[in-house]
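Colleague: Got a minute to go through this one with me? I'd like to hear how each label is justified.

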Amino acid sequence: MSEWLACAQCSKSFPVTEVRYECDCGGLLSVERDAMPAGPSAFDERRSKRSGIDASGVWRFREGVLDLGLMKPISHPEGDTRLYERFGIHFKHEGENPTGSFKDRGMTVAVTQAVRLGARAVACASTGNTSASLAAYAAQAGLQAVVFIPAGKVSAGKLSQTLAYGATCLEVRGDFDAAMRLVREASSRLGIYLVNSINPFRIEGQKTIVWELLQDLAWTAPDWIVVPAGNLGNTGAFGKALREAQAAGWIRKMPRLAAIQAAGANPFYQSYRERFASRFRVSAETIATAIRIGDPVSHDRAIAAIRSTNGVVEQVTDEEIMAAKREIDAAGIGCEPASATTWAGVKKLRDAGVMREPETTVCVLTGHILKDTEAAVRSAAGRTVVIEPTLAAVEAALA
Ligand code: F0G
């Protein structure tokens with residue numbers, strides 16, 4: 001099997017061993033291969049394995065992710081997350097990954113590629129989850145991790161996690177988009193390997209969220225897959241995963257993608273409303289800090305994802321996000337605010353008649369409830385009461 005990097009805009013291609021994230025024409029790159037693995041039955045057999053490479057929900061699909069040759073991947077392992085059924089739909093909980101978010105799926109591939117290329121240091125800009133994931137995988141690989149985060153805009157949980165794994169945090173005075181611009185410049189000037197989702201190997205790993213949820217559903221495609229949309233790496237990855245799954249014959253029907261943005265960080269939604277005639281950049285503000293992004297780098301990949309799946313883009317307000325989060329939390333699952341855009345989006349798209357019951361719908365919950373404890377407490381259905389250590393005080397509190 002052979003793999004190469006292909007530009008989505010012009011016909012140029014490059015070897016996978018070259019350190020590059022963009023084409024000379026400025027187009028984003030994707031990893032392409034001359035053959036896809038034959039059928040999903042081999043994946044089903046691997047899923048029963050308890051150890052080794054097959055125990056990873058990413059590397060179980062390795063022939064469609066990265067040709068490793070004799071190399072062993074830098075794997076925790078990751079993936080193999082649960083699919084919950086609540087409110088008549090499914091929730092694929094990617095917060096059950098080793099560092100608490102879906103980022104681990106892309107990171108295992110990008111850090112494996114970093115080692116393969118001989119990198120000594122890896123970097124990313126992040127709203128907190130990518131940085132935590134990068135720090136963990138870099139620690140495992142023995143690489144130096146440098147993360148660029150918007151100062152004061154990353155939850156305490158994510159920041160402490162990133163530091164605990166041993167990364168150097170550069171808190172940039174500015175928003176995520178400023179941190180993103182800076183890390184791109186710094187990594188090319190300082191020879192540090194960049195692992196934001198602009199990196200095509202991240203996308204290859206994130207495809208397995210979709211492949212694994214199809215596997216969870218016994219390879220019967222759902223009607224809808226719903227995903228939060230920030231920097232748009234995941235939206236782009238989901239489109240690629242679905243196109244490849246259908247081309248390889250793993251599914252017959254093409255599910256529709258619904259990408260949901262926060263109303264205060266909605267450049268992709270605005271572009272969608274104009275049938276993608278223009279690209280928007282906004283100054284982003286939302287309670288869902290994970291997707292507080294105004295100039296998403298994977299814009300073009302995400303357009304391809306929406307077009308090829310007859311998908312839709314919706315926006316939801318912070319109030320709608322927190323109401324949806326309260327319901328997901330109170331159902332005993334829980335997620336961070338960005339993930340709750342999915343359920344908020346489903347409710348909105350149902351009201352608009354775009355989605356109908358009883359369609360099969362899978363919302364992807366991208367991050368764990370404990371990623372943002374401030375938000376969890378703020379929207380909590382439960383309450384806390386400080387009492388004296390007496391039975392009378394207990395009775396009074398419960399009355
Ligand atoms: N949900 C969570 C929990 C996230 O952390 C992110 C992105 C998204 C959704 C959006 O995914 O960017 O692929 O559209 N977090 C990045 C980070 C930006 O740095 O952790 P996307």
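Modeller: Let's start with a bridge: H90 has V362 in β13 as its bridge partner. Keep in mind that this is a predicted model, where local features need pLDDT of at least 70, side-chain atom pairs count only at pLDDT 80 or more, and totals for chains, interfaces and linings use all residues. Residues are numbered from 1 along each chain as its sequence is written, and side-chain values use heavy atoms, with hydrogens and water left out.

Colleague: What makes β5 and β13 a pair?

Modeller: Two strands pair if DSSP finds at least two bridges between them. Strands β5 (residues 89-93) and β13 (residues 361-365) run parallel and are joined by four bridges, so they pass that test.

Colleague: And what makes β9 a strand?

Modeller: A strand is a DSSP run of E with at least two residues, a helix is a run of H or I with at least four, and both are numbered from the N terminus. β9 covers 193-194, so the run qualifies. β6 (residues 121-125) pairs with β9 in the parallel sense over two bridges, and V122 stands opposite Y193 there.

Colleague: Why are β8 and β9 called edge strands?

Modeller: The open four-stranded sheet has the order β8-β7-β6-β9, with parallel pairing. β8 (168-172) and β9 each have a single partner strand, so one side of each is left without a neighbour in the sheet.

Colleague: Which strands stand at the edges of the six-stranded sheet?

Modeller: That open sheet runs β4-β5-β13-β10-β11-β12, with mixed pairing. β4 (83-86) and β12 (312-316) are at its edges; each has a single partner, so one side lacks a neighbour.

Colleague: How do you know that α6 lies across strands, and at what angle to β5?

Modeller: Contact means heavy atoms within 4.5 Å. Axes are lines fitted to C-alpha atoms, for helices over the stretch in contact, with angles from 0 to 180 degrees between N-to-C directions. Helix α6 (residues 200-216) lies across β4, β5, β10 and β13, at about 135° to β5.

Colleague: What makes the N129 pair with the ligand a polar contact?

Modeller: A polar contact is a pair of N or O atoms within 3.5 Å; within protein, one must be able to donate a hydrogen and the other to accept it, and residues adjacent in sequence count only if both atoms are side-chain atoms. A side-chain N or O atom of N129 is 2.8 Å from a ligand oxygen, so the pair counts. For T366, a polar side-chain atom lies 2.7 Å from a ligand nitrogen.
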